[in-house]
Amino acid sequence: MMTDEATPIRVMLVDDHEMVRNGLGTFLLVHDDLELAGEAEDGQQALAVFERVRPDVILMDLKMPRMDGVEAIRALTKRDPDARIIALTSFREEALVQDALDAGALGYLLKDIGADDLAEAIRAAYRGEPTLASEAAWVLFQASRQKSRPGDDLTKREREVLCLIAEGATNPEIADRLFISPSTVKTHVSSILSKLGAATRTEAATRAVQEGLVDGRGRRGA
């Protein structure tokens, strides 16, 4: 695949290990539609090389001295919002994946990626299409599942009070059914409103149903 009949995709390599850059440079040589546009050994040098060569796609390591990859990605995309950068690293930590993507990386790949897959990722980046390593995608998926939802920090008693609020019970009725004082109910209700970010009892009941904390009849959700 060629970008047109004569112009290959110009790729810039940023990595503090010369051996890695040499290996990637050799990889580019065996693909007719890819060519090496420039190299940098850290993020700071990458900024200068980028201005000089204006590559189509950048393969960016993340852990480097002087200026790391995330900072370099952020600086490059600030200079050129259309810069197409693929983070190419050995690390798959959630924070690093998220930081790189937030900084403006179009893709996140691990260095054990196969040659054909890397070539396709570069072509995809050139077209403006994102590419994530399956491991990075899984990290983000797991992180999204682990994020707390409103109401996760409610105590057992607060959940009991919330269920009764959703049933339409008044504070005195809740006090009678749970064998606690009205003032204690009032304290629980205030805490529930705060934790759910609700301004009224009705809003709290609505959010409780929406978040699955209780069902539509006030019973506790699964």
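R66 is found in the loop between strand 3 and helix 3 of this predicted model, and the residue has a positive phi of about 65° although it is not a glycine. With a relative accessible area of 58%, R66 is exposed. The points below take up backbone geometry, salt bridges, contacts of rings, and the packing of two helices, with the residue R54 returning under more than one heading.

**Backbone geometry**

- R54 also carries a positive phi, near 45°, in a residue other than glycine, and R54 is placed in the loop between helix 2 and strand 3.
- The relative accessible area of R54 is 38%, so this residue is classed as partly exposed, the class that lies between the cut-off of 20% for buried residues and that of 50% for exposed ones.
- For R66, by contrast, the relative accessible area of 58% lies over the 50% cut-off, and R66 is therefore classed as exposed.

**Salt bridges**

- The count of salt bridges in the model comes to 15, and among them is the pair formed by D80 and R54, whose closest N and O atoms are 3.5 Å apart.
- D80 lies in the loop between helix 3 (69–79) and strand 4 (85–89), whereas R54 lies in the loop between helix 2 (43–53) and strand 3 (57–60), so this salt bridge ties together parts of the chain that are 26 residues apart in sequence.
- The pair of D80 and R54 belongs to a wider arrangement, since E51, R54, R79 and D80 are linked in a network of salt bridges.
- D61 forms a salt bridge with K111, and here the closest N and O atoms are 3.5 Å apart.
- Because D61 lies in the loop between strand 3 and helix 3, and K111 in the loop between strand 5 (107–110) and helix 5 (115–126), the pair ties together parts that are 50 residues apart in sequence.
- The two partners of this salt bridge fall into separate accessibility classes, as D61 counts as buried at 3% relative accessibility, while K111 counts as partly exposed at 31%.
- R127 forms a salt bridge with E129, the closest N and O atoms being 3.1 Å apart.
- R127 is partly exposed, with a relative accessible area of 39%, and E129 likewise counts as partly exposed, at 36% relative accessibility.

**Rings and charges**

- The count of aromatic pairs comes to zero under the rule applied here, which asks that the ring centres of Phe, Tyr or Trp lie within 6.5 Å of each other.
- A ring does take part in a contact with a charge, however, for the charged end of K63 sits over the ring of F91, at 4.0 Å from the centre of that ring.

**Helix packing**

- The axes of helix 9 (residues 182–196) and helix 10 (residues 201–210) come within 10 Å and cross at roughly 55°.
- This angle falls between the 35 degrees under which axes count as roughly parallel and the 65 degrees at which roughly perpendicular begins, so helix 9 and helix 10 are oblique to each other.
- The crossing of helix 9 and helix 10 is left-handed.

**A residue of strand 5**

- L109 is found in strand 5, and at 3% relative accessibility this residue counts as buried.
- Between the C-alpha atoms of L109 and G43, which are 66 residues apart along the chain, the separation is 18 Å.

Note on methods. Residues are numbered from 1 along each chain as its sequence is written. This is a predicted model: local features need pLDDT of at least 70, side-chain atom pairs count only at pLDDT 80 or more; totals for chains, interfaces and linings use all residues. Side-chain values use heavy atoms; hydrogens and water are left out. Rings of Phe, Tyr and Trp (its six-membered ring) pair if their centres lie within 6.5 Å; planes under 30 degrees apart count as stacked, over 60 as edge-to-face and the rest as tilted. A charge sits over a ring if NZ of Lys or CZ of Arg is within 6 Å of the ring centre and within 35 degrees of the ring normal. A salt bridge is a side-chain nitrogen of Lys or Arg within 4 Å of a carboxyl oxygen of Asp or Glu. Helices (H or I, at least four residues) and strands (E, at least two) are DSSP runs, numbered from the N terminus. Buried means under 20% relative accessible area, exposed over 50%, partly exposed in between (1.4 Å probe, protein chains only). Axes are lines fitted to C-alpha atoms, for helices over the stretch in contact, and angles run from 0 to 180 degrees between N-to-C directions. Angles under 35 degrees count as roughly parallel, over 145 as roughly antiparallel, 65 to 115 as roughly perpendicular and the rest as oblique. A crossing is left-handed if the near helix is turned anticlockwise from the far one by less than a right angle, and right-handed if clockwise.
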